[in-house]
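Biologist: Could you pull this one up and talk me through how it is put together?

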Amino acid sequence: MKTYVYGIVPGGQPPLPDRLEGVGDPPRPVRGVRAGELTALVSDCPEGIRPRRRDLMAHQRVLTEVGKVCTVLPMRFGSVSPDESQVREVLTARAADYRDRLRRLDGRSEYNVKAVHHEQVLLRQLLDEEPGLREMAAANRSAGGGSYESRLQTGERVARAVQDREKVDAELVTEALTPLAEEHRPGPESGGWFVNLSLLVPREGGAAVAEAVDRLRREHPRLDLRLNGPLPPYSFVEP
């Protein structure tokens with residue numbers, strides 16, 4: 001049977017929670033496959049595994065639980081080996097590389113911050129700050145909504161102002177948070193977020209990140225910020 005690989009830890013198998021369950025339906029129990037000074041956390045791999053929510057959450061749960069007791073080098077979802085002997089061969093062949101990566105990630109977690117704007121809050125602020133835009137909106141209201149052309153011009157002006165503010169606020173968030181991290185990387189552009197930022201932070205630094213995010217929310221109510229972490233450091237594992 002194929003073997004599903006969740007991650008790699010140093011030394012022997014860490015003290016895992018009882019009945020730690022991995023991917024599949026029913027969930028497959030997680031076990032360790034050791035080779036020298038490294039252990040891969042694995043389970044049997046169900047046929048036709050795909051990135052369904054249930055299995056994505058199981059993958060992350062295994063890494064999160066293990067990360068509470070030791071440093072873990074996370075593998076991407078869907079890392080599958082033909083069998084356990086192949087897992088041992090890879091651990092042995094790449095032992096030096098894996099040990100280096102584990103040392104770099106020791107005592108560190110990933111935090112992800114995403115940002116969008118509260119649209120109505122931002123729009124009110126733009127109208128307060130930009131007299132030209134405010135006059136265009138007022139003229140449309142006075143004209144019962146305005147002509148098609150005037151509404152189009154106003155909409156284009158608002159869109160440009162929003163885009164400009166997204167650039168400014170992306171720099172604002174990045175400059176506020178990256179000094180708290182040892183490393184930072186942009187996440188994939190998706191979902192309409194104008195900030196998708198991953199931070200590699202020492203475990204004791206998580207509270208400072210949360211405080212900084214809360215401060216940004218208080219000082220800039222137009223920002224809708226989502227903080228997720230601590231997470232296994234997926235974004236800081238080279239392929």
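What follows is a short chat about a predicted model.

Biologist: Let's start with the open sheet: in which order do its four strands come?

Modeller: The pairing in this sheet is antiparallel. β7 (183-186) and β9 (223-231) stand at the edges with a single partner strand each, so one side of each has no neighbour in the sheet. On average, neighbouring strands are turned by 20° against each other, direction ignored. Reading across, the order is β7-β8-β6-β9.

Biologist: And which residue of β8 is the bridge partner of His-184?

Modeller: β7 runs antiparallel to β8 (residues 195-202), and four bridges join the two. For His-184, the bridge partner in β8 is Leu-199.

Biologist: At what angle does helix α3 run to β6?

Modeller: Helix α3 covers residues 95-105 and lies across β6 (108-117), β7 and β8. Taken against β6, its angle is about 65°.

Biologist: Now α6 and α7: are they roughly parallel or roughly antiparallel?

Modeller: Helix α6 spans residues 148-177 and helix α7 spans 206-219; their axes are 10 Å apart. They pack at about 150°, and the cut-off to beat is 145 degrees. α6 passes α7 in a right-handed crossing. The angle therefore makes the two helices roughly antiparallel.

Biologist: Which class of residue makes up the contact of α6 with α7?

Modeller: On the α6 side you've got Leu-172, Val-173, Ala-176 and Leu-177. They meet Val-209, Ala-212, Val-213 and Leu-216 in α7. Sorted by class, there are no polar and no charged residues in this contact, and the eight are nonpolar.

Biologist: Which residue forms a salt bridge with Arg-99?

Modeller: Side chains of opposite charge can pair when their charged atoms come close. The whole structure has 18 salt bridges, and in the one with Arg-99 the closest N and O atoms are 3.9 Å apart, against a limit of 4 Å. Arg-99 sits in helix α3 and its partner in the loop between β2 and β3 (38-44), so the pair ties together parts 62 residues apart in sequence. That partner is Glu-37.

Biologist: Last one: where is the proline of the cis peptide bond from Asp-25?

Modeller: The bond from Asp-25 to Pro-26 is cis, with omega near 10°. Another cis bond joins Gly-229 and Pro-230, where omega is about 5°, and Pro-230 is found in strand β9. Pro-26, for its part, lies in the loop between β1 (3-10) and β2 (31-35).

Note on methods
Residues are numbered from 1 along each chain as its sequence is written. This is a predicted model: local features need pLDDT of at least 70, side-chain atom pairs count only at pLDDT 80 or more; totals for chains, interfaces and linings use all residues. Side-chain values use heavy atoms; hydrogens and water are left out. Two strands pair if DSSP finds at least two bridges between them. Axes are lines fitted to C-alpha atoms, for helices over the stretch in contact, and angles run from 0 to 180 degrees between N-to-C directions. Contact means heavy atoms within 4.5 Å. Angles under 35 degrees count as roughly parallel, over 145 as roughly antiparallel, 65 to 115 as roughly perpendicular and the rest as oblique. A crossing is left-handed if the near helix is turned anticlockwise from the far one by less than a right angle, and right-handed if clockwise. Ala, Val, Leu, Ile, Met, Phe, Trp, Tyr, Cys and Pro count as nonpolar, Asp, Glu, Lys and Arg as charged, and the others, Gly among them, as polar. A salt bridge is a side-chain nitrogen of Lys or Arg within 4 Å of a carboxyl oxygen of Asp or Glu.
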